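Let's take a walk through this model together, from the overall fold to the ligand and then to a few residues worth a look. Keep the structure open beside you as you read.

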Amino acid sequence: MKILICASEVVPFAKTGGLADVAAALPLALEQQGQDVVIAMPRYKCISDKRFNTKSLKKGISYSITGKNIKAYFIENEAYFNRDNLYGEKTGDYSDNLDRFSYFCARTLELMKEINFKPDILHCHDWQSCLAIIYLKTKYAKDPFFKDTKAILTIHNIGYQGLFPRGQFPQLGLDWSYFNIEQLEFYGQISLLKGGMVFADIINTVSPTYAKEIQTKDFGFGLEGVLNKRKKDVFGILNGIDYNIWNPQADKVIARAFSADDLNGKAVDKEDLQKLCKFPLRKDVALIGVISRLAEQKGFDLIAQDIEEICKMDLQLVLLGTGDMKYHLLLEGIAKRYPKVVSLYLKFDDELAHKIYAGSDIFLMPSRYEPCGLGQLIALRYGTIPLVFKTGGLADTVSKDNGFIFSQYNKKELLKTIKEAVKAFGNAKEWGGLVKKAMAYDFSWEGSAAKYIALYEKAKTKK
Ligand code: ADP
């Protein structure tokens with residue numbers, strides 16, 4: 001099959017979150033399973049010629065090779081994409097995001113014609129690439145080039161919908177007739193995610209539980225009705241992680257490699273992390289890692305409520321993340337007051353993330369809702385025991401057999417579960433067993449990619 005992956009961020013070129021990991025690892029796994037894949041993404045400032053050995057195809061289009069021979073095409077536009085960030089500044093989203101991403105999507109479809117790549121499947125991810133689906137099914141509906149192209153939309157987080165003021169509709173180049181509540185309108189605004197959902201042949205999300213949850217009022221962010229109407233076309237496939245990037249046996253960033261059969265390296269990594277954090281070098285204290293966007297969705301409202309009590313426990317807590325200013329300020333205050341307990345890094349730092357996954361004992365991820373979650377999967381791979389709230393992909397991947405899980409979203413339950421985990425850590429023998437068990441789980445992409453291929457086949461049967 002010919003597959004076009006269209007995404008606004010792809011590792012290693014640009015990343016702000018899990019979407020980039022998925023949009024990178026899925027194509028590689030698809031290629032391994034014999035599929036013909038190309039990728040399209042915007043060319044941001046961070047994509048330098050030198051670092052990624054990019055080549056120019058023609059004016060405004062360059063590319064780089066990923067995997068064995070996958071071309072990742074970069075849609076260039078100096079004014080739109082040559083900026084410091086992907087979507088916005090600390091103060092808010094870029095005000096011309098609609099123009100930026102409609103340009104990206106429209107140019108991507110034209111590019112397919114220019115390189116004569118007739119996709120069987122156009123696989124889009126999140127609101128930023130929804131316009132590729134919308135254009136395919138409207139402007140290009142009668143174009144013979146795309147007559148056999150089916151569209152799949154993967155929703156990585158239904159909380160982010162690409163909402164824009166009605167007044168910007170003419171900039172899309174679409175007939176006003178599409179601005180209605182059955183298609184692109186959402187309470188008087190333009191909703192690109194809704195448009196993608198309406199026009200896609202198949203909609204999927206990144207875990208079976210989240211696929212069910214988003215069809216309910218509590219999790220659907222107002223789009224549950226749209227999904228309900230398309231119930232038969234909604235699926236959930238669990239994300240994997242790239243086992244080459246996240247591999248404790250061959251990780252070049254961490255102090256010492258390790259495996260489930262020889263955990264000595266993990267102890268070295270813990271000490272290395274404790275040094276970095278300026279924590280007392282203690283083997284007997286539970287070191288808890290957090291790597292996350294600092295947002296309520298990720299459970300930071302609960303963490304914030306419990307933080308004083310957590311800091312009074314005998315543990316060490318290292319946090320890496322960026323996000324809401326209110327959590328930056330709160331955590332900065334806490335880190336100053338409890339320097340031996342809390343170490344705080346308010347930044348995006350991939351290398352440090354590797355060190356935290358490897359050196360921590362427990363990985364805290366109490367998300368209020370979680371489409372799939374990659375942090376807990378990476379943590380399991382590094383024998384770092386996840387502590388999570390029972391929701392979405394966390395519920396599908398963490399259980400009492402490999403972690404700690406609480407099912408009432410309140411501060412009392414979180415605290416109780418942290419205490420339970422810290423106590424369990426005190427029993428070295430049993431803990432060692434848990435670590436080995438956790439490391440035996442397989443969340444590589446191989447199985448998930450096979451499920452995507454089956455989904456593509458299903459899409460091909462759609463009229
Ligand atoms: P999200 O909802 O943010 O996409 P996921 O758990 O699906 O959450 O994926 C987050 C990914 O981003 C993981 O690979 C995680 O390690 C990484 N990550 C998050 N914050 C940071 C950070 N501050 N520095 C480095 N990596 C980070």
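Helices and strands here are DSSP runs, of at least four residues for a helix and at least two for a strand, and they are numbered from the N terminus. With that in hand, we can place Pro12 in the loop between strand 1 (2–6) and helix 1. A cis peptide bond joins Val11 to this Pro12, with omega at about 5°. Please keep in mind throughout that this is a predicted model.

Now step back to the whole chain. The protein chain has 17 helices and 20 strands. Its radius of gyration is 22 Å, close to the 23 Å that the globule rule gives for 463 residues, so the chain is as compact as a globular protein of that length. Along the principal axes, the C-alpha atoms fill a box of roughly 65 × 45 × 40 Å. Of the 463 residues in the protein chain, 59% are buried.

Next, turn to the ligand. Which residues are closest to the ligand? They are Gly18, Arg293, Lys347, Tyr357 and Leu374, out of 20 residues that surround the ligand. Two of these residues also make polar contacts worth finding on your screen. A polar backbone atom of Gly18 is 2.6 Å from an oxygen atom of the ligand, and a polar side-chain atom of Tyr357 also lies 2.6 Å from a ligand oxygen. Gly375 offers a polar backbone atom as well, 3.4 Å from an oxygen atom of the ligand. The ligand on its own has 570 Å² of accessible area, and the protein covers 91% of it.

Where in the fold does this shell come from? Two or more residues each are given by helix 1 (18–32), strand 15 (286–294), strand 16 (315–323), helix 12 (350–359) and helix 13 (375–381). Strand 15 gives the largest share, three residues. Sorted by class, the shell around the ligand holds eight nonpolar, six polar and six charged residues.

From the ligand we move to charge pairs within the protein. Side chains of opposite charge can pair when their charged atoms come close. With a cut-off of 4 Å between a side-chain nitrogen of Lys or Arg and a carboxyl oxygen of Asp or Glu, the count comes to 25 salt bridges.

One of them pairs Glu76 with Arg43, with 3.5 Å between the closest N and O atoms. This pair links distant parts of the chain, 33 residues apart: Glu76 sits in the loop between strand 5 (70–75) and helix 3 (78–81), and Arg43 in the loop between strand 2 (36–42) and helix 2 (49–52). Are the two partners buried or exposed? Glu76 is partly exposed, at 26% relative accessible area, while Arg43 is buried, at 13%.

Other salt bridges stay within a single helix. Glu271 and Lys275 meet at 3.5 Å, N to O; both lie in helix 9 (residues 264–277), four residues apart, which is about one turn of the helix. Glu271 counts as partly exposed, with a relative accessibility of 33%. In a similar vein, the side chains of Glu413 and Lys416 form a salt bridge at 3.8 Å, N to O. These two residues belong to helix 15 (residues 411–425) and are three residues apart, so about one helical turn separates Glu413 from Lys416. Salt bridges can also share partners, and in that way Arg43, Asp49 and Glu76 are joined into one network.

A few loop residues round off the tour. Asp126 has a positive phi, near 65°, in a residue other than glycine. You will find Asp126 in the loop between strand 8 (121–125) and helix 5 (130–137), where Asp126 is buried, at 10% relative accessible area. Phe221 likewise has a positive phi, near 50°, and lies in the loop between helix 7 (208–213) and helix 8 (224–229). Phe221 is partly exposed, with a relative accessible area of 39%.

Finally, look at Gly34, in the loop between helix 1 and strand 2. Gly34 is exposed, with a relative accessible area of 59%. In sequence, Gly34 and Met1 are 33 residues apart, and their C-alpha atoms are 8.4 Å apart in space.

Methods. Residues are numbered from 1 along each chain as its sequence is written. This is a predicted model: local features need pLDDT of at least 70, side-chain atom pairs count only at pLDDT 80 or more; totals for chains, interfaces and linings use all residues. Side-chain values use heavy atoms; hydrogens and water are left out. Buried means under 20% relative accessible area, exposed over 50%, partly exposed in between (1.4 Å probe, protein chains only). A residue is near a molecule or strand if one of its heavy atoms lies within 4 Å of it. A polar contact is a pair of N or O atoms within 3.5 Å; within protein, one must be able to donate a hydrogen and the other to accept it, and residues adjacent in sequence count only if both atoms are side-chain atoms. Accessible areas come from the Shrake-Rupley method with a 1.4 Å probe; for residues, only the protein chains shown count as cover. Ala, Val, Leu, Ile, Met, Phe, Trp, Tyr, Cys and Pro count as nonpolar, Asp, Glu, Lys and Arg as charged, and the others, Gly among them, as polar. The radius of gyration is taken over C-alpha atoms; the globule rule is 2.2 Å times the number of residues to the power 0.38.
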